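Dear colleague,

Please find below the structure that I am handing over to you. The findings follow directly after it.

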2 protein chains.
Amino acid sequence: MLLNRFFNPRSIAIVGVSENPKKVGHLVAKNMIDQGYDKKLYFVHPSGATILGIQTYKDLNDIGTSIDLVVLAVPAKVAVSTLDSIHKVGCTNVVMFAAGFRETKTKEGDELEKQLLEKAKQYNISLLGPNCIGCINTNNGLNATFFNTIPDRGNISIISQSGALGSAMLDYYAVKTHLGISHFVSLGNKSVINESDCLSYLVTDKTTNAIGMYLEDVKDGEIFIETLSEVTKTKPVVILKSGRTSEGSNAAMSHTGSMVGDDEVFSAAIRKAGAIRADSFAEFQMLLTLFSLDAVPTNRNLLVLSNAGGMGVLLADEIVKQKLQLVTVSESTSEELKHAFEDTKKITIHNPIDLLGDASAFDYKKAIDLTMKEKDIGGVIVLLTPQANTEIIETAHVLQKIYRLLKFKPVYPIFMGKKSVSEAHTFFEKEGIASFRYFAALPQALSKMIDAQEVKAQKISEKSISDFSIALSTHKYDIEAVLSENEMKPFLNQYDSLKLLEWAGIPTGKIFHATSISNLQTIVEQEGFPLVAKIASDKITHKTEIKGVITGITVMEELENAFHSLESVSEKGSGCYVQKEYAGHELIVGAKKDATFGTVVLVGIGGVYAELLHEIMQFVYPFTYSQFIHGVKNSKLNALTKDFRGSPPLNICKLYEIALSVGSLFDRHKQIAEIDINPLIVSGDVLTAVDGRVILQK
Amino acid sequence: MLLNRFFNPRSIAIVGVSENPKKVGHLVAKNMIDQGYDKKLYFVHPSGATILGIQTYKDLNDIGTSIDLVVLAVPAKVAVSTLDSIHKVGCTNVVMFAAGFRETKTKEGDELEKQLLEKAKQYNISLLGPNCIGCINTNNGLNATFFNTIPDRGNISIISQSGALGSAMLDYYAVKTHLGISHFVSLGNKSVINESDCLSYLVTDKTTNAIGMYLEDVKDGEIFIETLSEVTKTKPVVILKSGRTSEGSNAAMSHTGSMVGDDEVFSAAIRKAGAIRADSFAEFQMLLTLFSLDAVPTNRNLLVLSNAGGMGVLLADEIVKQKLQLVTVSESTSEELKHAFEDTKKITIHNPIDLLGDASAFDYKKAIDLTMKEKDIGGVIVLLTPQANTEIIETAHVLQKIYRLLKFKPVYPIFMGKKSVSEAHTFFEKEGIASFRYFAALPQALSKMIDAQEVKAQKISEKSISDFSIALSTHKYDIEAVLSENEMKPFLNQYDSLKLLEWAGIPTGKIFHATSISNLQTIVEQEGFPLVAKIASDKITHKTEIKGVITGITVMEELENAFHSLESVSEKGSGCYVQKEYAGHELIVGAKKDATFGTVVLVGIGGVYAELLHEIMQFVYPFTYSQFIHGVKNSKLNALTKDFRGSPPLNICKLYEIALSVGSLFDRHKQIAEIDINPLIVSGDVLTAVDGRVILQK
């Protein structure tokens, strides 16, 4: 849906303009005038009276010229029927404020929304809302909202599923002279125009440098991710979303499936697309401010200068916690610093560099000048607390000059306190520099910005997924056959499950079905010891809970005992499964379907505590090797890729191939409801699925 | 050390008063006048000139009357020698600003500090500093600091190891009319007066309602915890501490020991004492504000009212994440609410209660009036975003009235935005109500406040530790004998380690040392199968890494194979250990010594991933059952206390006894450096230490 004309109309008609200053029809008309919309603006009111100094038309039809956008400030039923008139005058762009549709969760509401959708489709209308607060484009003075604030121009665009969020944001920007709005869109019910449509428009909008989205759900996951991926190539996108929806998601049957809620999949999906998820409204605002002011760190190495030792250490703690690094200055610079300050005092040249409580503006300048030539500084944080002789405003001026010089090394002033630092903060605002009164939230925001940059860099130099061998296709027929045979069952038995995984190109532990004692000898001759015996049953999924697995079998007698014992808990004649015992760490790999984003692959730490510890990553299928690596690096699994307690490092490339194969198997066969490999035993280059479960659609 | 006279002197002499307005000696003299110290104030300056309108004395001796407090604004060496004169005039309270002591990490500095300490001891002087910013008591106008702010009176007292933190706090309170300072103390080098001394004084100070501490280290851990425990009985204490020190701590030898840094022990210790650890400077400030204004939630149930659906859900997410609960209103109240609003609109009566974007001040009043009679509401959060017709200041007035009425149910107004809500925030300040512009940080702060209350409640109704049976004493002699025999070794072998644990009252798996094949038969006859065989070696600690443990032995042949195999990796004739195999979850329990707080007991999730997952709790010994329960409830271990994957619930009382016994064993025998039970196998009521290691002091 192309929204260029929608947001840049050459003429606007507001239907339902009112004289009552509390009514939406008054507020929107006033906002449009106050925002300075300077093209053709028409008001429609049955009386034909003059409102806000403009002669109204009694009917849309009376206007007589073409109209690019109609704003409907009338109740729901009237609004829907007005679509006919709108169509008649040849307009295809509509903003509809009215509530009373699907969101009421009533029969009448649903019915009305259905009518609305039909008309919109029939007339090919791009409709914003209903049940929304409207939209703003400050560049042309379009303000089709009933907010109580007229925002200043700026480079931040906001797409919001909550009007209230918009009102809080605009109210905040109203006092921030260095920040302003390019576009604001309240999505409402998203009946026609949705978040992806707005993103597609904003990517081409030259006045938008940073996009903020507040979402409660996503209309079409695949299109959303595709659009988002495209947008983040050129513009940062920060998303705030409530996590509540996961409560409503259905319980999954597999171990891995039940461990991941929809909300975590949302995080994985947007991370893959290069967007940033804000944890809170405050962080949302901070990230948009940083992007708007182009205060983007160039890498993870931060230099910290401070006049407050203790505060500097607290800040350093937070930096390290957020996977950022503190620059260690070179020895030569360290010597220069010592020399520069030796006449006056002893500064501490660890990072943070402590200039002590009596640091003057000149001291800050001297220290920054000397350290800035260090390589690979991604940003400079300057911490100041107002002490006895602290030159607050002078230091602000020093930093402003440095900020201008160091275009590619952003400077983040943190001037703590309130009364005596206010002037400095106002100065920074005037100069378009993001400054802070507290430091705790900044490192996390900077870390997220760099994460997103890394995803962006990966998208450019990406190894193609097709470079990885997925053996699935050749066995397609066999897989289909097994799935058809079992279509009435809730899941495949373990034997069949492992077969399917093997055909999908996943290394699996060879599994034997011993139906008699005499079978056991043959198996031992072929496989040797140690062996594992497992219950052979089509019914039992969580085997360890009923002692359905006997491990560490090293002699014949033990194997025979295991056979009898397992048959006794299953059923007479069922025998047991026998498998070679693999040594290594236990992982779990699975796949499930997310209602919004489709196939999701899960990789995590296995074993008996898996559910308890919940160390699991989600990847929306398909996913690239870099995306996979990025996920692993940020999880506890990362420890296994190095020497861990004497085990060889896990071959992460092979793990990626397995995860991708599981995703591919799941994605191609819609009969499969969930896949669960638990455990996948890993030992260096050897990765083996020893237990698997394929759960089928009901 | 009694500091009553120190903070309430009847006369003060400032030595080193200066005419230069940038000098400390000028700033402190001016601060003392500006703060309004109205008792006898003397200035000492060699010239005898008049400074700041006060005639100075050439020498301390010249003053001629008794002096309760001397403030030394002179350089380090002069300051130390002045202690003699101070003694001569009979004064025993001193504030010393000078730097140049131990903190310089030079020989001269150390030497000077030694002299200082000697004199202070000899003259029985209570000395604050050196290398400090001084102290304030707003109640009597004592301001012996060189800050650039004169704080207003209030009920917050701050003890800080960083002057800069103090300056930032005072600067913040300077614009907050509803908040003020009772005492401020900059600790500096803590050579004489330390944090515990200040706490002991503040507990009796009637003007202090909330205490904030910034600490980098603690002087005497045991005294500190004891004092802190006493203070928190009547006054909340919020502590901010940097976590960096853990980097410097020595690597421990045991699994459990190496998993916990000093900083985590600090957290455990102050939690035990009922204090709250703030995660950031912002949270530190927020907690002190809430305590100062007595905005303390009475329990975990919060009611949320909002005019912004989306924001309300985000807030609810955060509330649930922080282990708080959302009140669900009763059906009758729900009906009343529906009825009250039915003429105007459809509000959503889930929690959060969404009053919709057009909520008037009267709507807020109506909704709160109707819901307040619900039982067990611990606090009410009222979220407001400035929308088209929002009655912002009117709503603030409504909340103020309700706040006064509901003395024991605090109301937390969150008025989002900036421009249009500023008036309301100023109004709340004037009324002494804590209000907020963002909501993300509030739930965590409230949750921590309730945690501390729970600890306080526990301290009152506490089951005594002596109620638990610790069998240690009877075996004291045996334990000493084993420790003496092995004193040259780095650790006890497994056999001896388990024996020690058993004598300490810990249920251990019986361990047999089989030195020949013929031994094995006897063991099997006695214990039956399944068995575990382990390497018998005095050298190897981390057995699993070298395959020193063979599990799941169920037949004789397998046991013999294990014997040969284990002997081959150890040494000829060493044999192997044999133990019954226990089924259950693997935990780890250990003890180590913390440099500040002494014996620390560690309890966590065991198994091969233990170090990777780092799910471990610390308890400073001794600890009560309630403290233990509280720790477990807030860890992932809590899942094991319920039905978990078919296992019976872990007997947490027995786990407590074991943890306490380990602590007791460690605490009584100073030859022990670390204790490590890994694993402790738990299955319902059966808890068994199957592998243990006692590491000895070098």
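Chain A holds 23 helices and 29 strands. Please bear in mind that this is a predicted model.

Along the principal axes, the C-alpha atoms of chain A fill a box of roughly 100 × 80 × 40 Å. Of the 698 residues in chain A, 61% are buried, that is, they have under 20% relative accessible area. The accessible surface of chain A is about 27,200 Å², and carbon and sulfur atoms contribute 51% of that surface.

Contacts and charges of chain A were also examined. Among the contacts with a separation of 6 or more, 70% are between residues 24 or more positions apart. Chain A carries 71 positive and 80 negative side chains. The centres of these two sets lie 5 Å apart.

In chain B, I would draw your attention to one sheet. Seven strands form this open sheet, in the order β9-β8-β11-β10-β12-β13-β14, with mixed pairing. Which strands stand at its edges? They are β9 (142–145) and β14 (276–278) of chain B; each has a single partner strand, so one side of each is left without a neighbour in the sheet. On average, neighbouring strands of this sheet are turned by 20° against each other, direction ignored.

Within the sheet, strand β10 (residues 153–160) and strand β12 (residues 210–215) of chain B run parallel and are joined by five bridges. As an example of bridge partners, B:S157 is matched with B:I211 in β12(B).

Yours sincerely

Technical notes. Residues numbered from 1 in each chain as written. Chains lettered and ligands numbered in written order. Heavy atoms only, no water. Pairing = 2+ DSSP bridges. Helix = DSSP H or I, 4+ residues; strand = E, 2+ residues; numbered from the N terminus. Axes fitted to C-alpha atoms, helices over the stretch in contact; angles between N-to-C directions. Buried < 20%, exposed > 50% of the residue type's maximum accessible area, 1.4 Å probe, protein only. Contact = heavy atoms within 4.5 Å. Areas by Shrake-Rupley, 256 points an atom, 1.4 Å probe, with all protein chains shown as cover. Lys, Arg positive; Asp, Glu negative; His and termini not counted. Charge placed at Lys NZ, Arg CZ, Asp CG, Glu CD.
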